[in-house]
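Dear colleague,

Please find the structure below, with its sequence, so that you can follow along as you read. After it I go through what was found, one region at a time.

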Amino acid sequence: MATQRRKAARVLLLDDQDRLLLFRGFDPSVPELTWWVTPGGGLEPGEGAREAALRELAEETGLREVAMGPLVAYGTVTFSFRGQRFEQDQCFLLARTACTTVDSSGSGAEEHAQLLESRWWTVAELRDTAETVYPVGLAGFLERLLADGPPVTPVRL
């Protein structure tokens, strides 16, 4: 099975209480395993990371009143989805919103079916959860981000 490469933009979306929005998702080919991830998705042809992040946020959350901040992290992740192997180069942009009402009805039917719920998480909740959260190390990174502000140079997650 060939590995499909793709680029993605993900968003660390914080509300005015410094809570982070995550979605609980799953792979339909392994429905018993779930995990929490940041909003975001693949870049479309000719699209930049910031454009993709804003588009994905609007599609997945319905939120359009978002203050998009800087690129704060990046990384590469390998995963399987519906039996297809992916290698994804992803960047993480910091964003803020005062609105916490999430409306996922703008997601495509397939994507919507794989996002089970959304939740706003505090750093303490992220640090203490036994659930799977991606990217690995997110709680510690978010804690440093809130304490020190965005890094001068994006960090690898």
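A residue is called exposed when its relative accessible area is over 50%, buried when that area is under 20%, and partly exposed in between. Please keep in mind throughout that this is a predicted model.

With those words in hand, a good place to begin is helix α4, which covers residues 138-148. Its buried residues are Leu138, Ala139, Phe141, Leu142 and Leu145, and because they cover an arc of only 165° around the axis, they lie on the same side of α4. On the other side of this helix, Ala147 and Asp148 are exposed. The buried residues of α4 pack against β1, β2, β5, β6, α3 and β8, the last of these being residues 155-156. Just after the helix comes Gly149, which takes a positive phi of about 85°.

The helix also leads us to the interior of the model. The largest nonpolar core has 18 residues, and those that touch the most other members are Leu12, Leu20, Leu22, Val72, Leu126, Leu142 and Leu145. Two or more residues are given to this core by each of β1 (3-14), β2 (20-27), β5 (67-81), β6 (84-96), α3 (123-128) and α4, and the largest share, five residues, comes from α4. If you would like to follow a single residue, Leu142 is in contact with Leu14, Leu20, Val123 and Leu126, leaving aside its neighbours within four places in sequence. Apart from this core lies another, of 16 residues, among them Leu13, Leu21, Phe23 and Leu115.

Turning to charged side chains, the count comes to 11 salt bridges, and Arg55 is a useful one to look at in detail. Arg55 sits in helix α1 (residues 49-61), while Glu44, one of its partners, is in the loop between β4 (40-42) and α1, 11 residues apart from it; the two side chains meet at 3.6 Å, N to O. Arg55 is buried, with a relative accessible area of 18%, whereas Glu44 is partly exposed, at 42%. A second salt bridge joins Arg55 to Glu47 at 2.8 Å, N to O, and here both residues are buried. Arg55 also forms a salt bridge with Glu59, the closest N and O atoms being 3.4 Å apart. Because Glu59 and Arg55 are four residues apart in helix α1, about one helical turn separates them, and Glu59 counts as partly exposed at 25% relative accessibility. Through salt bridges that share partners, Glu44, Glu47, Arg55, Glu56 and Glu59 are joined into one network.

Finally, there are some points about the backbone. Most residues other than glycine have a negative phi, and most peptide bonds are trans. Where in the chain is there a cis peptide bond? Such a bond joins Tyr134 and Pro135, with omega at about 0°, and Pro135 is found in the loop between α3 and α4. As for phi, Asp18, in the loop between β1 and β2, has a positive value near 65° and is partly exposed, with a relative accessible area of 31%. Arg82, in the loop between β5 and β6, has a positive phi of about 50° although it is not a glycine, and Arg82 is partly exposed at 46%.

With best wishes

Methods
Residues numbered from 1 in each chain as written. Predicted model: local features only at pLDDT ≥ 70, side-chain atom pairs only at ≥ 80, totals over all residues. Heavy atoms only, no water. Core = buried A, V, L, I, M, F, W, Y, C linked by side-chain atoms within 4.5 Å. Buried < 20%, exposed > 50% of the residue type's maximum accessible area, 1.4 Å probe, protein only. Contact = heavy atoms within 4.5 Å. Arc of directions from axis to C-beta. Salt bridge = Lys/Arg side-chain N within 4 Å of Asp/Glu carboxyl O.
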